[in-house]
Amino acid sequence: MARRVVAALCVAAALALLPTRRARTPSLLSAKTVWTFDEARDYARSFGFGSKDEYVDYRCPGAYALPRDPVAAFGDRWTSWEDYLGLVEVVTRPGFEQVLFVEMGWGADQHGQNATKACVRAARNAIEFNSIPSIRKLVPNGYEGMKLAVDLAVPEAYHGAIDVDAVEAVFPYGAVSIQLQPGGAEFSSGIAIPAMGDRGDALVVALCCVTVGY
């Protein structure tokens, strides 16, 4: 009997000396999740991850770990990494390698229904309060490599009367492209003055959006 007790004590002592297996810490490894997509997205955004790689490398201990592979975890409910992490998605305009900034302005011609005047004023309004002294460092080849895409929103009835060259002359630098689209506005000025070229009381308003880049 004594021998059995001694043997049992020896076995227990030996087992105590063996290295213990660490319990696996729950992390982002599991494709299964207790979260709904909306809950997981809100929680993921709260961490402020700057990229997909940051999210995947993060270890979140506990039973409520977010899945490392949310694409597989949420299936058809998945949208995009930008949406899931709340990242800003920058869309580059066709024809541009890089968009640097976007400027907006408006202009009107109160008498004479001259849409060109309205457009010229809108273009000037878009750029006249800006100074970009570092353009030579920002744009390859400086001003010669700069691109300007000018979008003008004007009532469609006036498109045929707009002098595009006059609008282009507003911009002293860069390769300028101009596109017209329906928009702007036509209001009543409340008075028609034939001496100022009025054919009615219409007041023409133009909107201008200038995209600058290279």
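Here is a short walk through strand β5 and the loop that leads into it, in a predicted model.

Let's begin with β5 itself, which spans residues 202–213. Ten of its twelve residues are buried, so the strand is largely enclosed by the rest of the structure. Several strands pair with it. Strand β1, residues 99–109, runs antiparallel to β5 and is joined to it by ten bridges; within that pairing, Met 104 has Cys 209 as its bridge partner. Strand β2, residues 147–154, also pairs with β5 in the antiparallel sense, over seven bridges, and here Leu 148 stands opposite Val 212. β4 and β5 are antiparallel too, with four bridges between them. In that pairing, Ser 188 faces Ala 202.

Now step back along the chain to the loop that connects β4 (185–188) with β5, where you will find Asp 198. What is the nearest side chain of opposite charge to this buried residue? It belongs to Arg 199, 7.3 Å away, and Asp 198 has no salt bridge. A salt bridge would need a side-chain nitrogen of Lys or Arg within 4 Å of a carboxyl oxygen, so the distance to Arg 199 does not qualify.

Asp 198 does have polar partners elsewhere in the sequence. Its side chain reaches the backbone nitrogen of Gly 112 at 2.6 Å, and it also makes a polar contact with the side chain of Gln 113, at 3.0 Å. Setting aside residues up to four places away in sequence, Asp 198 touches Gln 110, His 111, Gly 112 and Gln 113, along with Ile 191, Ala 192 and Ile 193.

Terms used: Residues numbered from 1 in each chain as written. Predicted model: local features only at pLDDT ≥ 70, side-chain atom pairs only at ≥ 80, totals over all residues. Heavy atoms only, no water. Helix = DSSP H or I, 4+ residues; strand = E, 2+ residues; numbered from the N terminus. Buried < 20%, exposed > 50% of the residue type's maximum accessible area, 1.4 Å probe, protein only. Lys, Arg positive; Asp, Glu negative; His and termini not counted. Polar contact = N/O pair within 3.5 Å; in protein donor to acceptor, adjacent residues only side chain to side chain. Contact = heavy atoms within 4.5 Å. Pairing = 2+ DSSP bridges.
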